[in-house]
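Work through the exercises below with the model open beside you. Try each task before you read its solution.

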Amino acid sequence: MKLNNRNAFLSNWTPSIWVIIVVSILSLLLLRYSDKLWRNITHESIPLQDNLLQADAYLSKGFLLFEKFLRGDESIRINDVLPFFDQAAQSINDCITGKSTIIRLSGSPPENQEMLNQLNQFKDEIVQFRRLSLERWQNQKSNNLHMAFEQLNAFHKLKLMKKNMHHLVLKKISSTIARQEQISDVILVSWMTFLTFISVLLFRNDKKKQQTQTELNNYKDKLEVLVEERTAKLNETNQQLHQEINERRIAEGIVRKERDRTQNYLDIAGVIFVAINADHNVTLVNKKGCDILGYDENEIIGKNWFDHFVPKNEKERVKGIFLQLLAGGIESVEYAENSVLTKEDGKRIIAWHNTILKDESGEIIGTLSSGEDITRRKGTEGALLENQRLLVEAQRQAKLGTWEHNVVTNEISWSDEVYSIFGLDKATYTPSLEGLAALIHPDDSWVVDPETIEKNTEAGTQQMEYRIIDQTTGEIKEVIGKGKTLKDDKGNPLKNYGSFQDITERKKAEKALLIAKEQAEAASLAKTQFLTNMSHEIRTPMNAIIGFSQVLLNRSKNTPLPEGFQQYLENIYTSGHNLTNLINNILEISRIEAGKVELTEEDFDLVDLVEGIYNIYNPQASKNGVVFTYEMDPKLPAYIHADKGKLTQILINLIGNAIKFTPANKEVKLKVLGDQEIIAFMVIDQGIGIPADRQEAIFDPFEQADGSTIRQYGGTGLGLSITKRLVDLLGGKISLISLVEHGTNFSVTMPLKKAAAPVIEQELPDSKVYHFSKDSVILVVEDNPMNQELAKALFEDIGIEVYFADDGQSGIEKTVELKPDLILMDIQMPGINGMDATRKIRKHPEFLETPIIALSADAYTEQQQIAFSAGMTDYLIKPIDFDKLVAVLNTYLGRLK
């Protein structure tokens, strides 16, 4: 029975026993491995942290002592500081040679290798900084900016490396703690599993259960003790980490203060600092540099210095100096000047001190340059030198020298130009008051009389013109002497000073100028008189030619003429008008050259102006087989303010030329364009064109595209010359684009002035309709019999009987006798001329309102103004145009109807 029970027991528990045995073995193995791993992590990670904390502490103490040295603490010695850097380097080396478990167990192999590499680099940076500190210590009395800058770079690099190492170690320790927690979890799970199986056995067997419970309690107590120990160690590790972080923050604050203090040194410096690397890019610039260049720091750092901040004309020279420094050919350049490009002002001139920058291995990595802005100084120096040069040159050119007389010592000093004026040698002649008397012309010796000198000294100022004798050539020169007297507080003279100026040439020039002026005025008067006389003499017979041709043309409309006679009359009339236009052009160009043409601006309807010109030239274009059109920009204002007469003349000249030089079946177009400020008139033709080498010359008087043009088309070449000068008067510009055999485009642009208000147009009397009574009494005062015959014929066609007077006196008498409704008064007559006759007629109260119309061959505006001031009402220019005559009669007799 017992055997059966034992067998049954063994049969029931055999699988569980094997499971318990396997789980127990695995748990024991895992426990042993975890205990070993825990010891390794715990006992080997702590030395790594301790070594890093020791290195950090040594560095912080070394920095503090070195800062005291920089502040001038003479109690600090090199042997007090360097051991801290040596101990810091040794602590880092202990971390490397110890090959701590934390390095091997936390992170991947590349990460572990990276940590070892950074520890090695950290140690090298500490050694480099120790070397630089020692070098600067040894050179503390020399103001070596390069050495300070190199140490500053090493300082910042070491600080950054230390910061990165702390972050990496903290990361590794955090990873280690996490792995410790994972191992602890595995151990706890293993133990819980093992205890669970024990509990099962105890549940099925009370004795085993009690035994297992006892063992479980023992293991639990051990586990709690182990957890407490490990928790205490973790707390201790965390405290050490917090202490390390606080110490690191303190050290970083010290480093930051040192960095800020060094940066402040650079920023408060009155010079620009620029560091440039081997790639020609800016790696450092201070605040003064940013101010000079006009850019923010982030706009300068990383930019190619030579491409962005050096003018092109200096780039090669400046880069050559940089390359020499970079190649190691020279250590530094003590002084070099070049311009820099700034954001706002354009250029500044900088005086540079350049030196090289090296890395830890001694390789040249760039340059450091400090520069002073000497723009103003260079400008002042240049201005002073230039002013001095100009002063000397001005004195030489003006023949002006300065002098000074010390009243107390009686010493006299002259500038070089005074010696030149008097023809004296500065090396052999000593100026004196006694010697000056021998240099002055005998007739002007009063200049150096004691009385004159005393009088000038008392007055405090002097200016005299007199003659001197050139001691070299014997030439008599005219000079002007000016002077002032400097007195003390009591009014006693201390010194006289002033200038001598040779005005001989000026006096000669003044005399010559006076003669030339008189001659020019006489020539201008003669020219004006000649043109006036020529105008009168030419227009007088032209008046008969055109006038009688008009009479014949008018009468031929109702009288049959032999074949060809009508064409002959039209040829005579056309030739007369062409000759009149030629005379007008010659007079106009003369007036423009004399500056006697003035602007008369008014408000007018732009559309009416263009349509009026179109109506004038469209018949002529149709006669020549040319299509003439115009086009206006609808955005242009309807009314503008300008000189309507001159603008009309400009367009007439251009359009007339375009039609004349355009073959049949081709087109001429007038386009008017503009915006709010500019108006443009474009005359486009499909004519013969203008050769490129003649396009500028055609605006000169009497110039045309080529000689054959005159023979084929006629003309004097004055039209475009007058047009350009009128355009200039209007403040505009004229230009052209032309291609031979394809046509020409003339463009006139001028400022657009809008009319202040809409223009109220007045209807002009129609010359073909008479608005006056044919019973009107008209008196013609004309001394030329042919012109009397013409006037008689013109008025016969109108249907009015006129009365004639042969001269001015007769005109006055006939006016009193006839009491005419209108008087046509010739200007130039023997005896009393038309002006004087008009003045005498106006003296009679009953003739104050009588229209007196001037008849003159003088087309000058000045002559017309004189006529109006004499009392004349209107002005008709010979040759008299029939339509204009009728318009005048309609205007002044129509109100009497």
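Contact here means heavy atoms within 4.5 Å. Helices (H or I, at least four residues) and strands (E, at least two) are DSSP runs, numbered from the N terminus. This is a predicted model: local features need pLDDT of at least 70, side-chain atom pairs count only at pLDDT 80 or more, and totals for chains, interfaces and linings use all residues. Residues are numbered from 1 along each chain as its sequence is written, and side-chain values use heavy atoms, with hydrogens and water left out.

**Exercise 1. Describe how helix 22 and helix 23 pack.**

Step 1. Find the contact. Gly808, Gly811, Ile812 and Thr815 of helix 22 meet Ala837, Lys840 and Ile841 of helix 23.

Step 2. Sort these residues. The contact of helix 22 with helix 23 has 3 nonpolar, 3 polar and 1 charged. Ala, Val, Leu, Ile, Met, Phe, Trp, Tyr, Cys and Pro count as nonpolar, Asp, Glu, Lys and Arg as charged, and the others, Gly among them, as polar.

Step 3. Take the geometry. Helix 22 (residues 808-818) and helix 23 (residues 834-842) pack at about 25°, with axes 9 Å apart. Helix 22 is therefore roughly parallel to helix 23. Angles under 35 degrees count as roughly parallel, over 145 as roughly antiparallel, 65 to 115 as roughly perpendicular and the rest as oblique. Axes are lines fitted to C-alpha atoms, for helices over the stretch in contact, and angles run from 0 to 180 degrees between N-to-C directions.

Step 4. Add the hand. Helix 22 passes helix 23 in a right-handed crossing. A crossing is left-handed if the near helix is turned anticlockwise from the far one by less than a right angle, and right-handed if clockwise.

**Exercise 2. Do the same for helix 17 and helix 18.**

Step 1. The axes of helix 17 (residues 606-623) and helix 18 (residues 644-660) come within 11 Å and cross at roughly 25°. So helix 17 is roughly parallel to helix 18.

Step 2. The crossing of these helices, 17 and 18, is right-handed.

Step 3. Count by class. The contact of helix 17 with helix 18 has 9 nonpolar, 3 polar and 1 charged residues.

**Exercise 3. In what order do the strands of the parallel sheet lie?**

Step 1. Strands pair if DSSP finds at least two bridges between them. The order in this open sheet of 5 strands is 19-18-20-21-22.

Step 2. Locate the edges. Strand 19 (802-805) and strand 22 (874-877) each pair on one side only.

Step 3. Check one pairing. 4 bridges join strand 18 (residues 778-781) to strand 20 (residues 822-826). Leu779 stands opposite Ile823 in strand 20.

Step 4. Add helices. Helix 23 lies across strand 20 and strand 21 (852-856), at about 150° to strand 20. Helix 25 (residues 882-893) lies across strand 18, strand 20, strand 21 and strand 22, at about 165° to strand 22.

**Exercise 4. Trace the antiparallel sheet of 5 strands.**

Step 1. The order of this open sheet is 2-1-5-4-3. Its edge strands are strand 2 (282-285) and strand 3 (332-341).

Step 2. Neighbouring strands of this sheet are turned by 30° on average, direction ignored.

Step 3. 3 bridges join strand 1 (residues 272-277) to strand 2. Ile276 has Val282 in strand 2 as its bridge partner.
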